[in-house]
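Biologist: I'm new to this one, so could you take me through a single part of it up close? Pick a helix, please, and then show me what else is worth a look around the chain.

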Amino acid sequence: MKNKKTKKMVLLMVTLLLAFSTVLAGCGGSNTNDTSGNAASGGESGDKDTVKLKVYLIGGPQRDLPMVQEEMNKYLMEKINTTVDITMIDWGDYSKRMPVITASGENYDIAFTSSWAYDYLPNATRGAFLPINDLLDKYGQGIKEQLDPRFLSGSQIDGQNYAVPVNKELASQWVWRFNKQYVDKYNMDITKIRTLEDLEPYLQQIKDNEPADITPLAVPKGFKPYLAFDFLLGDEFPVGINMNGDTGKYVNVLESEELKSSLKTIRKYYQAGYLRKDVATLEGIDNIKTGKWFVDREQTQPYAELGWSRSAGYDIVTTPMQDPVIFTGSATGAMHAISANSKNPERAMMFLNLLNTDPYLRNLINYGIEGTHYNKISDNVIEDLPAMKDGFQMPGFALGNLFLTYMHKEDPADKWEAFKEFNNSAKVAPSFGFNFNPDPVKTEVASISAIVKEFYPSIMTGAVDPDEHLPKAIEKLKAAGLDKVIAEAQKQYDEWKAANPK
């Protein structure tokens with residue numbers, strides 16, 4: 001009995017001592033490992049604790065990231081008493097690894113998200129990201145002042161924002177890109193080229209007169225003919241609104257006359273040898289690196305040709321396939337979300353606010369350290385040093401307010417004004433601001449996506465006869481519930497339009 005009482009007394013004394021030491025520690029100096037999420041030094045709470053933010057970004061590994069991050073952290077400590085720990089995840093792995101990291105419950109703070117990588121909409125609706133409207137109002141006023149308001153309105157889900165969009169080109173425009181040496185060699189007037197059909201005589205000229213290792217139409221298996229559709233879940237999913245038809249109705253894109261016509265053309269091109277024979281299994285294509293190509297396609301932005309030419313080491317020119325359009329996906333093309341598991345949401349928003357308003361920080365994460373990775377020619381113009389190419393080539397469009405970044409000496413002085421003009425001149429898609437919630441048909445969406453991966457590469461690149469294989473794909477997609485998805489999309493879209501009259 002005595003031993004039991006003694007044990008109880010000892011336990012009670014230990015408990016009291018631990019509690020007392022905790023109080024003393026709380027009265028002491030700052031804790032540099034704090035993850036409480038209190039405001040930064042100078043914030044409302046007056047708290048002096050340093051916060052370390054865990055950040056996941058998309059892109060290949062960069063040799064000099066630790067060096068640049070050290071400089072960033074010196075600056076961030078002065079500004080918001082914060083440091084960052086940045087992890088780069090390569091392009092092809094990002095959408096695979098981030099769901100695993102999130103599902104593990106890791107309390108990371110910020111992650112890149114978009115309409116095409118670690119998909120914004122489903123992850124926001126499933127609770128992976130924190131609603132940030134209040135945080136924007138309190139700690140992100142600079143973002144709201146600088147960001148085109150259509151980015152925030154277009155990325156809202158039921159009135160809530162779940163990520164900060166990158167301020168960049170808002171409009172989407174596909175162009176044909178040409179290796180200029182062949183345009184010059186054959187004196188081609190590429191201004192006459194717009195559609196897939198318009199390419200034919202030029203492709204034939206290259207095929208007939210250039211060596212066999214020059215690919216006339218250099219595209220990988222992900223190629224799809226351009227269609228004037230406002231797609232529900234991107235052009236990998238066969239549901240959309242025909243922008244030249246009934247703009248209030250979602251339809252099966254595979255049944256459209258526009259697609260059927262384009263598939264006949266691309267099949268003809270494949271049989272003529274204008275595309276690589278292995279195109280249906282070609283994950284990527286290194287045409288820019290090798291220079292052995294005539295034309296491909298890409299999404300553009302003002303003066304994109306200059307950047308492509310600088311990277312390639314030879315001249316690339318373009319002609320538009322369509323006029324610029326602002327889709328909902330355009331507003332969510334590059335974003336930064338705060339994790340729902342973050343213990344530091346206030347400080348995370350402070351960091352994002354700086355990333356979108358502070359020129360020094362924005363250029364540091366983009367170009368690296370002055371004198372090491374680049375030299376300044378003037379206040380806002382730089383030239384790259386070898387160390388940038390060798391050790392620090394960050395994906396600028398995925399890092400924050402693009403309008404704050406330095407220009408290169410070959411960039412036109414009106415570059416950023418041209419971006420704003422590009423955004424302001426674009427047509428707005430009928431569903432801009434509508435974010436489809438796939439949860440009611442998530443089983444069907446998953447099945448359809450799997451079938452698309454099975455059929456699209458061979459059909460869309462012309463590797464098989466569309467008259468034979470397209471009906472098979474449509475039949476299989478309908479059996480998987482495509483019509484049910486279209487009906488659900490129409491229901492949600494009609495409800496959204498009723499709640500958001502224009």
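Modeller: Let's start with a term: a residue is called buried when its relative accessible area is under 20%, exposed when it is over 50%, and partly exposed in between. Keep in mind that this is a predicted model.

Now for the helix. I'd pick α15, which covers residues 359-367. Seven of its nine residues are buried, so α15 is largely enclosed by the rest of the structure. The buried ones are Leu361, Arg362, Asn363, Leu364, Ile365, Asn366 and Tyr367. Have a look at both ends, too. At the N-terminal end, Asp358 acts as a cap, with a side-chain oxygen 3.0 Å from the backbone nitrogen of Tyr360. Past the other end comes Gly368, which has a positive phi, near 90 degrees.

Positive phi is worth following a bit further. Most residues other than glycine have a negative phi. Asp158 goes the other way, with a phi near 55 degrees. You'll find Asp158 in the loop between α7 (149-154) and β4 (164-165). Its relative accessible area is 80%, so Asp158 counts as exposed. Tyr303 also has a positive phi, near 60 degrees, and sits in the loop between β10 (293-299) and α12 (304-312). Tyr303 has a relative accessibility of 31%, which means that it is partly exposed.

To put α15 in its setting, here is the whole chain. There are 502 residues, and buried ones make up 53% of them. The chain has 20 helices and 17 strands, and its C-alpha atoms fill a box of roughly 95 × 60 × 50 Å along the principal axes. Sequence distance can mislead you here: of the contacts between residues at least 6 apart in sequence, 76% join residues at least 24 apart.

Two strand residues give you a feel for that. Ile316 lies in strand β11 (residues 316-320) and is buried, with a relative accessible area of 2%. Setting aside neighbours within four places in sequence, Ile316 is in contact with Arg177, Phe178, Ile288, Trp293, Glu305, Trp308 and Ser309. Ile89, on the other hand, is 227 residues from Ile316 in sequence and 29 Å from it in space, C-alpha to C-alpha. Over in strand β2 (residues 82-89) you can find Thr83. Thr83 is buried as well, with a relative accessible area of 16%. Not counting residues up to four places away in sequence, Thr83 touches Val51, Lys52, Leu53, Asn73 and Met77.

Finally, let's see how one pair of helices packs. Two packed helices are described by the angle between their axes and the distance between the axes. For α10 (residues 257-272) and α19 (residues 466-479), the angle is about 135 degrees and the axes are 11 Å apart. That makes α10 oblique to α19. The crossing of α10 past α19 is right-handed. Where they meet, α10 brings Lys260, Leu263, Lys264 and Arg267, while α19 brings Pro466, Asp467 and Leu470. Sorted by type, the residues of this contact are three nonpolar, no polar and four charged.

If you come back to one thing, make it α15: seven of its nine residues are buried, Asp358 caps its N-terminal end, and Gly368 follows it.

Conventions. Residues numbered from 1 in each chain as written. Predicted model: local features only at pLDDT ≥ 70, side-chain atom pairs only at ≥ 80, totals over all residues. Heavy atoms only, no water. Helix = DSSP H or I, 4+ residues; strand = E, 2+ residues; numbered from the N terminus. Buried < 20%, exposed > 50% of the residue type's maximum accessible area, 1.4 Å probe, protein only. Contact = heavy atoms within 4.5 Å. Polar contact = N/O pair within 3.5 Å; in protein donor to acceptor, adjacent residues only side chain to side chain. Axes fitted to C-alpha atoms, helices over the stretch in contact; angles between N-to-C directions. Parallel < 35°, antiparallel > 145°, perpendicular 65-115°, else oblique. Left-handed = near helix turned anticlockwise from the far one by under 90°. Nonpolar A, V, L, I, M, F, W, Y, C, P; charged D, E, K, R; others polar.
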